[in-house]
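This report describes one protein chain, starting from a single residue and moving out to the whole fold. Please keep the structure open while reading.

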Amino acid sequence: MIAPGNIETANGGISAPDFLVGVATSGYQCEGGFNGSGQPLNNWAAHEMAGKVAVTGPATDFWNRYREDFELCRGMGLNAFRLSIEWARVQPGAALDAGPAPEFDLAAIDAYADRIAACREAGLEPVVTLHHFTHPAWLGVDAWLKDTTPELFEKFVSRTLHHLNEQLCGRLGQKPVAWYVTLNEPNMLVLNTYMNRHFPGGPESGISVGVRAYNRLLAAHVRAYNAIHDLYESRSWHVPRVTMNTFCSDVYWSEQLLLDLLCLRENGIARESLPAYCAARAGEMRDSLQQSYLPLRADPLAWAGRAIQGIANFFAGRAATTEAFEFFLNEAARSKRERVLDFLGLDYYDPFLSHIFRIPSFSDLEFPSGSLHGYLMDGLSSKWWDWHILPEGLHAFCSHYARAFPGKGILIAENGMAQRLKADNRPSGHRKDRITRSEFLTIHFGEVRRMLAEKLPILGYLHWSLTDNYEWGSFTPRFGLFRIDYADGLRRIAVDHLGDNPSETYARLIRDLRQARTV
């Protein structure tokens, strides 16, 4: 059976769909099998062992139940599935802190090839992420502050994808992977590690430390991009599509700056022009979003958020100097290719800094904050279920990026909303806006159809996520089209605890879209 939107080829294979519609996942959040005795250790291992976050355990057990999950996707009529290859599983080590690079586990790469093959057999185009917030523990918790990490990442990418695609083309009789995301949301990785400290990190923090991490993350992307294209050229495989996805933010310095840096050589911008160029681009983004007339929150806490945005713009703008990004700029200058982004990957949730604060609430804090200041800020900061639902913003960001980066298609690599339910199924409160996931899907998919009608270069839409999963320290945020019953064998349940059936809604929206596109 071939999922709608795919085309059967003469040799019985499945060609790439003309519009990707599917779900996004990540390995650490759903695979299970990390950070326990005898298991691969990543940079969250020490936090799990110390009780600072919930233990992932089997997570949703996707590693063993992947065929079941792919069949759920087939049943909805999806044609794409985003999954990650976990560096810690492919190059595992026993050390909890920095140490020498271990050998690669080829059996683990074989296992990933099997899962990608099964993905395709279910009619799903795999979109493969190579780094989704986690790295092996042997790199140390502050891996992205080290000059050596980009090269180690490049070696991981080269070795893994060579073996993986050889398995696909040989033993499994398939084509190489076509779509890649090198790094997932580096802006959120840096923010959560070195600004608000929600992710594991060392003692250093602040904007200058974040800029150091950005340098090495961007350098790693350039190395990985070239490694992937070199591999495919050497084997005369089809041309891959490679990107680095970002979490949409209305603070230029927190998102678009990273994309502009990667496109400097492609756009012919000299490094000495960087500050003036970025200042001009920040102004263009500000004007573009203002002219969208989005109905942002207008309460006193939102005005406080706007004040924080002004402060962030002031200091970040002055930190974005040629000297500050010298490490990355030198790496980019050595790149054999001027172009290092084949398309844009955008993750749209609540990108507006004015929505950062909520009425203080401490009832939903699950783990110690580390200090009184941290406790107060955690109570005041918006959580997943507080994020403001603004579907018009998806159109505004995609429209802006289509103008800012002409010629590059846009994949909506993540879009979703959180409900609240404890892992033991105890109620944990409702969203204040009372919106259901079906309602969320309907209004956001409506924006997707609007953009397609306007001929914006939208390549696809991937909903976060197929099932509930481990959300960076907690199982309480529920993002799944299917609810996971963590208390009863990790059952996948179509109807959520509020009586909504979002997978049924998503399937209907997809059918309606395909029918409209064939008329």
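Val181 is buried in this predicted model, because its relative accessible area is 1% and the cut-off for a buried residue is under 20%. The residue sits in strand S4, which covers residues 179–184. Leaving out residues up to four places away in sequence, Val181 touches Arg82, Val127, Val128, Thr129, Leu130, Thr243, Met244 and Asn245. Leu139 is 42 residues from Val181 in sequence, and their C-alpha atoms are 21 Å apart in space.

Leu130, one of the residues touched by Val181, is also among the residues with the most contacts inside the largest nonpolar core. That core has 152 residues, and the others named for their contacts within it are Phe81, Phe153, Leu164 and Tyr506. Helix H8 (residues 207–234) gives the most to this core, contributing 13 residues. In soluble globular proteins, nonpolar side chains tend to be buried together. Phe153 is in contact with Trp87, Leu130, His131, Trp144, Thr182, Leu183, Ala220 and Ala224, leaving aside neighbours within four places in sequence.

Which residues other than glycine have a positive phi? Two examples are Arg434 and Leu490, set out below.

| Residue | Phi | Loop between | Relative accessible area |
|---|---|---|---|
| Arg434 | near 60 degrees | strand S8 (419–420) and helix H15 (437–453) | 59%, exposed |
| Leu490 | about 60 degrees | strand S11 (483–485) and strand S12 (491–493) | 11%, buried |

Another backbone feature is the cis peptide bond that joins Trp464 and Ser465, with omega at about 5 degrees. Ser465 lies in the loop between strand S9 (458–463) and strand S10 (477–478).

Over its whole length, the chain has 16 helices and 12 strands. Its radius of gyration is 22 Å, close to the 24 Å that the globule rule gives for 519 residues, so the chain is as compact as a globular protein of that length. Along the principal axes, the C-alpha atoms fill a box of roughly 60 × 55 × 55 Å. Of the 519 residues, 60% are buried. Among contacts between residues at least 6 apart in sequence, 78% join residues at least 24 apart.

The accessible surface of the chain comes to about 19,900 Å², and carbon and sulfur atoms account for 55% of that area. There are 52 positive and 59 negative side chains, and the centres of the two sets lie 1 Å apart.

Terms used. Residues are numbered from 1 along each chain as its sequence is written. This is a predicted model: local features need pLDDT of at least 70, side-chain atom pairs count only at pLDDT 80 or more; totals for chains, interfaces and linings use all residues. Side-chain values use heavy atoms; hydrogens and water are left out. Helices (H or I, at least four residues) and strands (E, at least two) are DSSP runs, numbered from the N terminus. The radius of gyration is taken over C-alpha atoms; the globule rule is 2.2 Å times the number of residues to the power 0.38. Buried means under 20% relative accessible area, exposed over 50%, partly exposed in between (1.4 Å probe, protein chains only). Contact means heavy atoms within 4.5 Å. Accessible areas come from the Shrake-Rupley method with a 1.4 Å probe; for residues, only the protein chains shown count as cover. Lys and Arg count as positive and Asp and Glu as negative; His and the chain ends are not counted. The place of a charge is taken as NZ of Lys, CZ of Arg, CG of Asp or CD of Glu. A nonpolar core is a set of buried Ala, Val, Leu, Ile, Met, Phe, Trp, Tyr and Cys residues joined through side-chain atoms within 4.5 Å.
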